[in-house]
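Work through the exercises below with the sequence and the model open. Try each task before reading its solution.

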Amino acid sequence: MTWVLRDAKKIDLDYAHFDPPFVVAVDNVLNRIRNLTVRVLPNNTLFPKELSQYDSWVLREALHNAIAHQDFRLHGKINVVEFPDRILLSNAGSFLPGSVDRVIEDDTPPEVYR
């Protein structure tokens, strides 16, 4: 698993590689991601509310999904690319049933597991 920090011009500023077990590496990747505090001003109040730029539960879920849907037979890697305004996750894998529509239509467990 690789984490890369890029600036707005897509120039690499920093990177780190993480070895298996990937479930343990998730915490190390999360520690690398800059999760800035954002201040918003809700309607009808004079007091700003402080929020994290990214919800840590959502980041953790996305990383776990990248691990779970990785096709390790392809010998690829999981990439976590952090930009100033977004985080991009990619892996060498796919959603095994093909599409969410198929899962809903078939209403059966998948026939194939990795």
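**Exercise 1. Place His75 and describe its backbone and exposure.**

Step 1: His75 sits in the loop that runs between helix 2 (56-68) and strand 5. Helices (H or I, at least four residues) and strands (E, at least two) are DSSP runs, numbered from the N terminus. This is a predicted model: local features need pLDDT of at least 70, side-chain atom pairs count only at pLDDT 80 or more, and totals for chains, interfaces and linings use all residues. Residues are numbered from 1 along each chain as its sequence is written, and side-chain values use heavy atoms, with hydrogens and water left out.

Step 2: Read the torsion. His75 is not a glycine, yet its phi is positive, near 55 degrees. Most residues other than glycine have a negative phi.

Step 3: Check the surface. His75 counts as exposed because its relative accessibility is 73%. The classes are buried (under 20% relative accessible area), exposed (over 50%) and partly exposed in between, with a 1.4 Å probe and protein chains only.

**Exercise 2. Find another positive phi and a cis peptide bond.**

Step 1: Go to the loop between strand 3 (37-40) and strand 4 (49-52), where Asn44 lies. Asn44 has a positive phi of about 65 degrees and is not a glycine. Asn44 is exposed, at a relative accessible area of 85%.

Step 2: Move to the loop between strand 2 and helix 1, which holds Pro21. The peptide bond joining Pro20 and Pro21 is cis, with omega about 5 degrees. Most peptide bonds are trans.

**Exercise 3. Lay out the sheet and its hairpin.**

Step 1: Order the strands. The open sheet has four strands in the order 2-1-5-6, with mixed pairing. Strand 2 (12-17) and strand 6 (87-90) are the edges, each pairing on one side only. On average, neighbouring strands are turned by 15 degrees against each other, direction ignored.

Step 2: Add the helix. Helix 1 (residues 22-32) packs on the sheet and touches strand 1, strand 2 and strand 5. Contact means heavy atoms within 4.5 Å. The direction of helix 1 makes about 165 degrees with that of strand 2. Axes are lines fitted to C-alpha atoms, for helices over the stretch in contact, and angles run from 0 to 180 degrees between N-to-C directions.

Step 3: Trace the hairpin. Strand 5 and strand 6 form it, with four residues between them. Strand 5 (residues 79-82) and strand 6 are antiparallel, over four bridges. Two strands pair if DSSP finds at least two bridges between them. Glu82 has Ile87 as its bridge partner, and Asn79 stands opposite Ser90.

**Exercise 4. Why is the protein called more spread out than a compact globule?**

Step 1: List the elements. There are three helices and six strands, in the pattern β-β-α-β-β-α-β-β-α.

Step 2: Compare radii. The radius of gyration is 18 Å, well over the 13 Å that the globule rule gives for 114 residues, so the protein is more spread out than a compact globule. The radius is taken over C-alpha atoms, and the rule is 2.2 Å times the number of residues to the power 0.38.

Step 3: Add the box and burial. The C-alpha atoms fill roughly 55 × 35 × 30 Å along the principal axes. Of the 114 residues, 25% count as buried.

**Exercise 5. Which elements have the lowest and highest confidence?**

Step 1: Start with the average. The protein has a mean pLDDT of 90, and 96% of the residues score at least 70. This score is the predictor's confidence in each residue, from 0 to 100.

Step 2: Find the extremes. Helix 3 (residues 100-106) is lowest, at a mean of 81, and strand 1 (residues 2-6) is highest, at 98.
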